Amino acid sequence: MKKRIQSLTAVIIMFALIMGLAACGSKEDENQNGKSESNETALKVWLPNTFSEEADKLIEERCHEFAESRDDVDKVDVEFISGTDGYAKWNAAIESGDVPDLTFLHVTAYNNYANMGVLEDLSDTVEKVEDSYGALMENHKENFTFDGALYALPLYVQINSMTYRTDYLNQAGAKVPKTWEELREVSKKIKDAGLDCYGFGNGMGTADDGEDVLRCIFRSFGARSWDEDGNVVVNSKETVDAIKYLADMYESGYMPPSVLEWDASGNNTSYLAGESAFVFNPPTLYNTTQNDENKDTLGKVTSMAALPKGDHESWSNINYIMFSIFNQAKNKELAKELLEFFFEEEWYNNYMELGFPVAGAVFEATLTTEDWKSDLGQAILPQSYLGRSYGYPCTKAEVKAADAKAYNDFVLSKTMQKVLLNGMSPEDAAAELETELQGYLDAAK
């Protein structure tokens, strides 16, 4: 019995020695590989669902390439989120503290979150990218300067452009309008020619495409929301003139009656159905007309140009695919390096080529590529230079945030609904709009 106990004790000791050696070996392996399963470093990244599956796949692969190239990153967990889901996701993440390491943002969200103080300063990262790839276009860089700092870096810009039917213009004996007044004249010619379509298809419901263009029209007429000091100055003759112009376009039958109810897909649907001769949209719509289904029909009679002009300086609130880092993020420094990884010259140029013309240039170097030197690139490029930040010409943080919030609430579209649906006079609508903007400003302070 004693021998049997001694034998069992020897086995236990031998087993313990073997397990100890195995543990030492795994430690050595862990040190050699620089990674540990128990201390795994995983970056959480939120990417946007864009209109290009190829582009989405390319940037997802780039995230995984980053992990493969690093000893200090085990993996990158990628989640795609739609633009409509963004605010709910971001707000919930900020409230819970469980934020992604790197995320895309809307421009309006950027201004609000920068004003809240929840974003990491990326000025150094932007400087590094500019040193390696080249300078950002100055107006785009100004758009991201918030209270003297940069809290985001754009991947590209989505430029608003005028998409139009060349066959409708030919049938009406009209030319491409270069001003808003010419657009009214062309729309009248289309109606007088008895064509089964409307001239001006721009939403005045609850959609950012429509609100963007309304802002351009108001500014073309000289209407301004803010002055340089951040005072609300929208109650003006110029604002009344812009409201009257839009009311006339609608009441004269130059616009589809349904524009007051359009959502984000309204202008696209109207154009693809042949209902509107002119719509204003990022080049995603143009790309749709050039796909395999449409290129031999609608694609042959579709073209693009910059937005019409007015008698006054106009500028456009343009949308970006942009990245930011919440200052609560666990892996901020690694996230910054991943962001830099997106702008390696060969990869970034390939990405931009794949996304043309939807992926608009934000860097000077991109303008030298063949795509942007082409006729199509040159036709819509001027719109990019007209891009301005929210709150322009004021640079105060609270004004930028207030203007972004007003944009999100579609205040101009709702102003036009009050006039066209409720019978409010243009003068009263301008006065009420000023009161509303002052409320946004007071709330942002």
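**View 1. Strands β1 and β2 pair in parallel.** In this predicted model, strand β1 covers residues 42–48. Seven bridges link β1 to β2, and the two run in the parallel sense. At one of the paired positions, P48 faces I81 of β2. Strands of a sheet pair through backbone hydrogen bonds, in either a parallel or an antiparallel way.

**View 2. Five strands make an open sheet.** The strand order is β2-β1-β3-β11-β6. Pairing in this sheet is mixed. Its edges are β2, residues 75–81, and β6, residues 153–158. Each edge strand pairs on one side only. Neighbouring strands are turned by 20° against each other on average, with direction ignored.

**View 3. Strand β11 is largely enclosed by the rest of the structure.** β11 spans residues 319–324. Six of its six residues are buried, so the strand is largely enclosed. N319, I321 and F323 point one way from β11. Y320, M322 and S324 point the other way. Residues on both sides are buried.

**View 4. F323 of β11 has partners in β3 and β6.** Strand β3, residues 102–105, runs antiparallel to β11, and three bridges join them. Here F104 is the bridge partner of F323. β6 also pairs with β11 in the antiparallel sense, over five bridges. In that pairing, L153 stands opposite F323.

**View 5. Two prolines follow cis peptide bonds.** Most peptide bonds are trans. The bond between F356 and P357 is cis, with omega about 0°. P357 sits in the loop between α14 (345–355) and α15 (370–373). A second cis bond runs from Y392 to P393, with omega near 10°. P393 belongs to the loop between α16 (375–385) and α17 (397–408).

**View 6. D147 has a positive phi and is exposed.** Most residues other than glycine have a negative phi. For D147, phi is near 55°. D147 lies in the loop between β4 (145–146) and β5 (149–150). Is D147 buried or exposed? D147 counts as exposed because its relative accessibility is 62%, and the cut-off for exposed is over 50%.

**View 7. F410 has a positive phi and is buried.** Phi of F410 is near 55°. F410 is found in the loop between α17 and α18, the latter covering residues 411–422. The relative accessible area of F410 is 17%, so F410 is buried; the cut-off for buried is under 20%.

How values were computed
Residues are numbered from 1 along each chain as its sequence is written. This is a predicted model: local features need pLDDT of at least 70, side-chain atom pairs count only at pLDDT 80 or more; totals for chains, interfaces and linings use all residues. Side-chain values use heavy atoms; hydrogens and water are left out. Two strands pair if DSSP finds at least two bridges between them. Helices (H or I, at least four residues) and strands (E, at least two) are DSSP runs, numbered from the N terminus. Axes are lines fitted to C-alpha atoms, for helices over the stretch in contact, and angles run from 0 to 180 degrees between N-to-C directions. Buried means under 20% relative accessible area, exposed over 50%, partly exposed in between (1.4 Å probe, protein chains only).
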